[in-house]
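Biologist: Hi, I'm new to this one. Could you show it to me and walk me through it?

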Amino acid sequence: MSRATNAVIAVVGSLNVDILADVQRLPRPGETVVATQVITRYGGKGANQALAAARQGARVTMIGCVGDDPEGRTYMDQLRREGITVSTMKTARATSTGTAFIAVSSENAENQIIVHPGANGQLTAATVRNQRARIAVASALLVQLEVPLEAVLAAIEIANETRIPVVLNPSPVQADFPWGSCRIDCLIVNQTEAQAVFGLDAGTLETETAAWSAALAEKKVQTLIITRGSQPTQTLHQGVYQTVPTHPVSPIDTVGAGDTFAGVFAAQHHSGKPFLEAVRWANVAGALATLKPGAQEGIPMAGDITQAIAAADE
């Protein structure tokens, strides 16, 4: 694989088998809708982000857990084919690989997701600490919250101790995350997650930058990125508020778009690309990822992003 970046990314996170049901519209509470088709694919926020970084040419190590089942073995083979190091992964005995049940609306490309953690719940702090050497040589650590919190915190602790930048996508948001007890170099959230973490309305980021900066400092977060779907991405970097336009597309499936953003941003920024340029690359990548169904099928290669940016700049 040609290397579009020189980043070395360590990812600690989840791996799921995704069962996708295409529906005309998402069901309301208590309602049954008929699926037009059902497809099995691979996902999980950790693996999605790892794949997004790898397709930028980054050298990626995946630290996670799959079940001792055919799905787990096949998943590891797939990651190997993408150039991702999986010798750092754990196989949980008598446990199934994590599973996500996803309904995708053909009406507006929105989705509903139910996740069974399975083997993801077997990722322990001890397992992560066994991979200290891998984290300590990375350009950045990329983490989410779909695996046990103890494992995430162990990874962040190693990164903080070895001065490795931490990129955190705190999804799903957990009320017991010990904000302020560890250093987060870059926090990537959507508007709902921003509200949950900081108790502030994302719409006030531009007008109340000082309040947001104080909130970030209290939680030991250096840089904030708020993704907003088709609206410009908001950033608060080095105390300065800026927005980065998104890339216009007609989405087919938004599953995995946020994970693509996080993985591409980590790979590009931590290979030396300037912050705002890395956000733009991530915006374009996230948009391109919505043009194919499934969390991983639409994740673009670096060349795809380069072409899309060139076309947009013409």
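Modeller: Happy to! One term to begin with: buried means under 20% relative accessible area, exposed over 50%, and partly exposed in between, using a 1.4 Å probe and protein chains only. This is a predicted model, where local features need pLDDT of at least 70, side-chain atom pairs count only at pLDDT 80 or more, and totals for chains, interfaces and linings use all residues. Residues are numbered from 1 along each chain as its sequence is written, and side-chain values use heavy atoms, with hydrogens and water left out.

Biologist: Thanks! What share of the 314 residues counts as buried?
Modeller: Of the 314 residues, 54% do.

Biologist: And which residues have the most contacts inside the largest nonpolar core?
Modeller: Those are I9, V60, I84 and F265, in a core of 48 residues. Such a core is a set of buried Ala, Val, Leu, Ile, Met, Phe, Trp, Tyr and Cys residues joined through side-chain atoms within 4.5 Å.

Biologist: Which helix gives the largest share of this core?
Modeller: Helix α9, residues 275-288, with 8 residues. Helices here are DSSP runs of H or I, at least four residues long, and strands are runs of E, at least two, numbered from the N terminus.

Biologist: Cool. How many helices and strands are there?
Modeller: The protein has 10 helices and 14 strands.

Biologist: Back to I84, what is it in contact with?
Modeller: Leaving aside neighbours within four places in sequence, I84 is in contact with A50, L51, A54, V60, M62 and L79. Contact means heavy atoms within 4.5 Å.
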